Amino acid sequence: MSTNPALDAREFRNALGSFATGVTIITTKDENGYVGTTASSFNTVSMDPPLILWSIDKRARALPAYEQGGHFCVNVLADDQMELSNRFARQQDDKFSGVDYKVNQHDIPMLEGCSTRFQCKTKYLYEGGDHMIIVGEVLDFDTSERDGLLFHNGRYAVSESHPELEACV
Ligand SMILES: Cc1cc2nc3c(=O)[nH]c(=O)nc-3n(C[C@H](O)[C@H](O)[C@H](O)COP(=O)(O)O)c2cc1C
């Protein structure tokens, strides 16, 4: 709707939500233990070198862990992991309690049951207004047959083939 330079925050947020994304939990660690953040801002950057990015709110308690830690993992959630997404989106002290994970060689948690996991080394940090943009170099990844969880217009969703595709078969 907005043609006003002083964008209405709610309208802007809703407009951004029209772009469907997957859902990830980014994990790392700090001196107090493991840290995790639900994030839909994940995206691809470069094939060679292999780079990805995501952005984190500067108000997030977890921010220093990502700024200072050298490694993180992008856990791309499967469509049956909505509860896990909600858990890591809440401010709580032990997000990992009862969660199934193993750690990689850098002692970064890799969550079980995900669609895909990208093990990353932090490459660049950029200022992005009220967020920090974190660019990671992908050191390794693993994939599964699981469909990814989606987020669209402020709601979780599952993917389904477009009906016009089925009509073509
Ligand atoms: C579907 C979904 C996507 C989210 N995406 C992001 C994101 O990309 N970046 C971000 O900073 N917060 C995002 N959040 C909110 C964070 O998960 C939440 O603020 C954070 O986990 C709070 O934890 P902390 O302050 O204890 O670090 C998202 C939340 C949900 C439910």
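Glu 127 stands opposite Met 132 in β10, and that pair is a handy place to start. The two strands involved, β9 (116-128) and β10 (residues 131-143), run antiparallel and are joined by 12 bridges. Together β9 and β10 make a hairpin with two residues between them, and Gly 129 in the turn has a positive phi of about 65°. A word on terms: helices (H or I, at least four residues) and strands (E, at least two) are DSSP runs, numbered from the N terminus. Two strands pair if DSSP finds at least two bridges between them.

Before going on, keep in mind that this is a predicted model, where local features need pLDDT of at least 70, side-chain atom pairs count only at pLDDT 80 or more, and totals for chains, interfaces and linings use all residues. Residues are numbered from 1 along each chain as its sequence is written.

**The chain as a whole**

The chain's secondary structure comes to four helices and 12 strands. Its radius of gyration is 17 Å, close to the 15 Å that the globule rule gives for 169 residues, so the chain is as compact as a globular protein of that length. (That radius is taken over C-alpha atoms, and the globule rule is 2.2 Å times the number of residues to the power 0.38.) Along its principal axes, the C-alpha trace spans about 50 × 45 × 35 Å.

Buried residues account for 25% of the 169 residues. Here, a residue is buried if 20 or more other C-beta atoms lie within 10 Å of its own, exposed if 12 or fewer, and partly exposed in between, with C-beta atoms placed from the backbone. As for contacts, two residues are in contact if their C-beta atoms, placed from the backbone, lie within 7 Å. Among contacts between residues at least 6 apart in sequence, 64% join residues at least 24 apart.

**More strand pairing**

Strands of a sheet pair through backbone hydrogen bonds, either parallel or antiparallel. Besides its hairpin partner, β9 has β6 (71-76): six bridges join β6 to β9, and the two run antiparallel. Asn 75 stands opposite Arg 117 in β9.

Elsewhere there is an open sheet of three strands, in the order β1-β11-β12, with antiparallel pairing. Its edge strands are β1 (21-22) and β12 (155-158), each pairing on one side only. Strand β11 (residues 149-152) pairs with β12 over four bridges, and Leu 150 has Ala 157 in β12 as its bridge partner.

**The core**

In soluble globular proteins, nonpolar side chains tend to be buried together. The largest nonpolar core of this model has 28 residues, of which Trp 54, Val 74 and Leu 77 touch the most other members. (Such a core is a set of buried Ala, Val, Leu, Ile, Met, Phe, Trp, Tyr and Cys residues joined through C-beta atoms within 7 Å.) Elements giving two or more residues to this core include β2 (24-30), β3, β5 and α2 (63-68). Leaving out residues up to four places away in sequence, Trp 54 touches Ile 26, Ala 39, Ser 41, Phe 42 and Ile 134.

**Around the ligand**

Which residues are closest to the ligand? They are Thr 38, Ala 39, Ser 41, Asp 57 and Ala 62, out of 18 that surround it. (A residue is near a molecule or strand if its C-beta atom, placed from the backbone, lies within 6 Å of it.) Two or more shell residues come from each of β3 (33-39), β5 (51-57) and α3 (82-89), and β5 gives the largest share, four residues. The shell divides into nine nonpolar, seven polar and two charged residues. In this split, Ala, Val, Leu, Ile, Met, Phe, Trp, Tyr, Cys and Pro count as nonpolar, Asp, Glu, Lys and Arg as charged, and the others, Gly among them, as polar.

**Loops worth a look**

Two loop residues other than glycine have a positive phi:

| Residue | Phi | Loop |
|---|---|---|
| Asp 107 | near 65° | between β7 and β8 (109-111) |
| Asn 153 | near 50° | between β11 and β12 |

Asp 107 counts as exposed because it has 11 C-beta neighbours inside 10 Å. Asn 153 is exposed too, with 10 other C-beta atoms within 10 Å.

Pro 49 sits in the loop between β4 (43-46) and β5, and the peptide bond from Asp 48 to Pro 49 is cis, with omega near 5°. In the loop between α3 and β7 (101-103) is Val 99, which is partly exposed, with 18 other C-beta atoms within 10 Å.
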